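Trainee: I have this one open in the viewer and would like to go through it with you. Could we start in one spot and work outwards?
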Amino acid sequence: MKFFLDTADLNEIEEAASWGAIAGVTTNPSLYAKIGGRLDDFQSHIKRICDLIDGPVSAETVGTTRDEIVREGLELATIAPNVVVKVPTMVEGLAATRVLADKGIRVNMTLCFSVPQALLAARAGARYVSPFVGRFDDISEDGIEQLGGIATALSNYDFSSCGVDGESIEVIAASVRSANHVTQAALMGVDIATVPFGVLKKCVEHPLTTNGLARFMADWEKVKNA
Ligand code: E4P
């Protein structure tokens, strides 16, 4: 499974990129608002992220009609070659995805909550589809089970002729809230997990690693003093 970072924070991206294990970044309007982002700086900000990450960077459209989404998507795609246009899974989003994919532009269909939505995203030419895990948990449903259903359904078919350059659609586990979400996604073979920086740090840590390191250090002191 690949790890994407789910943030618009340049410091987090720079730090996580230095760990050498991050394959991409996903952003959304909420994440951009969270860092105090301004409309007139949006495209420059996405460009800065693209310069930091050697991999796909999802930038979300906010239009509600297919024409608006296509216009925004075409503009976003000019920012850098690694921009992926993020489009909500809805009728206008599907139509816009088809147009963008036919122009060779990679799309990440977001806000996906069901198997039929994911299948339609794939048919419309999406390069990625992002089922949201945590938002199901927020309403006391099992987001991991939903993710598993989507991953299995997509794996039943060959979508390589639907998208850009014969690339097959990949599933991005999104709205990830814990290292356990990452574990469960990986156990079911999901292609990618996009994780907030805090969750990524938790994925690196384990109490036995921390204790084991402390023990090695203490023993190494003994070696030095022997
Ligand atoms: C990523 O592509 C999604 O926009 C993000 O993971 C949503 O996360 P949230 O449910 O915590 O807002």
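Mentor: Let us start at serine 130, which is found in strand E6, residues 128-131; bear in mind throughout that this is a predicted model.

Trainee: Is serine 130 buried or exposed?
Mentor: Serine 130 counts as buried, because its relative accessibility is 2%, and the cut-off for buried is under 20%.

Trainee: Which residues does serine 130 touch?
Mentor: Leaving aside residues up to four places away in sequence, serine 130 touches Asn108, Met109, Thr110, Leu111 and Cys112, and also Ile172 and Ala174.

Trainee: Leu111 is on that list, so what is notable about the phi of leucine 111?
Mentor: Leucine 111 is not a glycine, and yet its phi is positive, at about 55 degrees. The residue lies in strand E5, and leucine 111 counts as partly exposed because its relative accessibility is 30%.

Trainee: What about serine 175, where does that one lie?
Mentor: Serine 175 lies in the loop between strand E7 (170-173) and helix H9 (179-187). Its phi is also a positive value in a residue other than glycine, near 55 degrees, but serine 175 counts as buried, given a relative accessibility of 10%.

Trainee: Back to E5 then. How accessible is valine 107?
Mentor: Valine 107, which lies in strand E5, has 0% relative accessibility and therefore counts as buried. Not counting residues up to four places away in sequence, valine 107 touches Val84, Val85, Val87, Thr97, Leu100, Ala126, Arg127 and Tyr128.

Trainee: And how far is valine 107 from valine 164 in space?
Mentor: The C-alpha to C-alpha distance between valine 107 and valine 164 is 9.3 Å, although the two are 57 residues apart in sequence.

Trainee: Now the core. How many residues are in the largest nonpolar core?
Mentor: The largest nonpolar core has 56 residues, and those with the most contacts inside it are Leu5, Met109, Val129, Leu147 and Leu154. Helix H8, residues 143-155, contributes the largest share of this core, with 5 residues.

Trainee: What does leucine 5 touch?
Mentor: Beyond residues up to four places away in sequence, leucine 5 touches Glu12, Ile13, Ala16, Ile22, Gly24, Val25 and Thr26, together with Thr194, Val195, Pro196, Phe197 and Leu200. There is also a second, separate core of 5 residues, which includes Phe4, Tyr128, Ile172 and Ile192. As background, nonpolar side chains in soluble globular proteins tend to be buried together.

Trainee: Switching to rings, how many aromatic pairs are there in the whole structure?
Mentor: A search of the whole structure finds 6 aromatic pairs. One of them is formed by tyrosine 32 and phenylalanine 42, with 5.1 Å centre to centre and 70 degrees between the planes, an edge-to-face arrangement. Because tyrosine 32 lies in helix H2 and phenylalanine 42 in helix H3, this pair ties together parts that are 10 residues apart in sequence. Both tyrosine 32 and phenylalanine 42 are buried.

Trainee: And what sort of pair do phenylalanine 113 and phenylalanine 136 make?
Mentor: That pair is edge-to-face, because the planes are at 70 degrees, and the ring centres are 5.5 Å apart. Phenylalanine 113 lies in the loop between strand E5 (107-112) and helix H6 (115-123), whereas phenylalanine 136 lies in helix H7 (residues 134-138), so the pair ties together parts that are 23 residues apart in sequence. Phenylalanine 113 is partly exposed, at a relative accessible area of 26%, while phenylalanine 136 counts as buried, at 9% relative accessibility. Ring pairs link Phe113 and Phe136 with Phe132 into a cluster.

Trainee: Last topic, pockets. How much space lies in the largest pocket?
Mentor: About 410 Å³ of space lies in the largest pocket. It is lined by 24 residues, of which Asp6, Asn28, Leu31, Lys34 and Pro196 are the closest to its centre. By class, that lining has 9 nonpolar, 8 polar and 7 charged residues.

Trainee: And what is the volume of the second largest pocket?
Mentor: The second largest pocket has a volume of about 310 Å³. Of its 14 lining residues, the closest to the centre are Leu39, Phe42, Glu60, Val62 and Glu72. Helix H4 gives the most to this lining, with 4 residues, and by class the lining of the second largest pocket has 6 nonpolar, 3 polar and 5 charged residues.

Notes. Residues numbered from 1 in each chain as written. Predicted model: local features only at pLDDT ≥ 70, side-chain atom pairs only at ≥ 80, totals over all residues. Heavy atoms only, no water. 1 Å grid on protein atoms, 1.4 Å probe; cavity = no way out; pocket = protein on both sides within 12 Å on 5 of 7 lines; lining within 4 Å. Points joined across faces, edges and corners; volume = space filled by probe spheres on them. Nonpolar A, V, L, I, M, F, W, Y, C, P; charged D, E, K, R; others polar. Helix = DSSP H or I, 4+ residues; strand = E, 2+ residues; numbered from the N terminus. Core = buried A, V, L, I, M, F, W, Y, C linked by side-chain atoms within 4.5 Å. Buried < 20%, exposed > 50% of the residue type's maximum accessible area, 1.4 Å probe, protein only. Contact = heavy atoms within 4.5 Å. Phe/Tyr/Trp six-rings, centres within 6.5 Å; stacked < 30°, edge-to-face > 60°.
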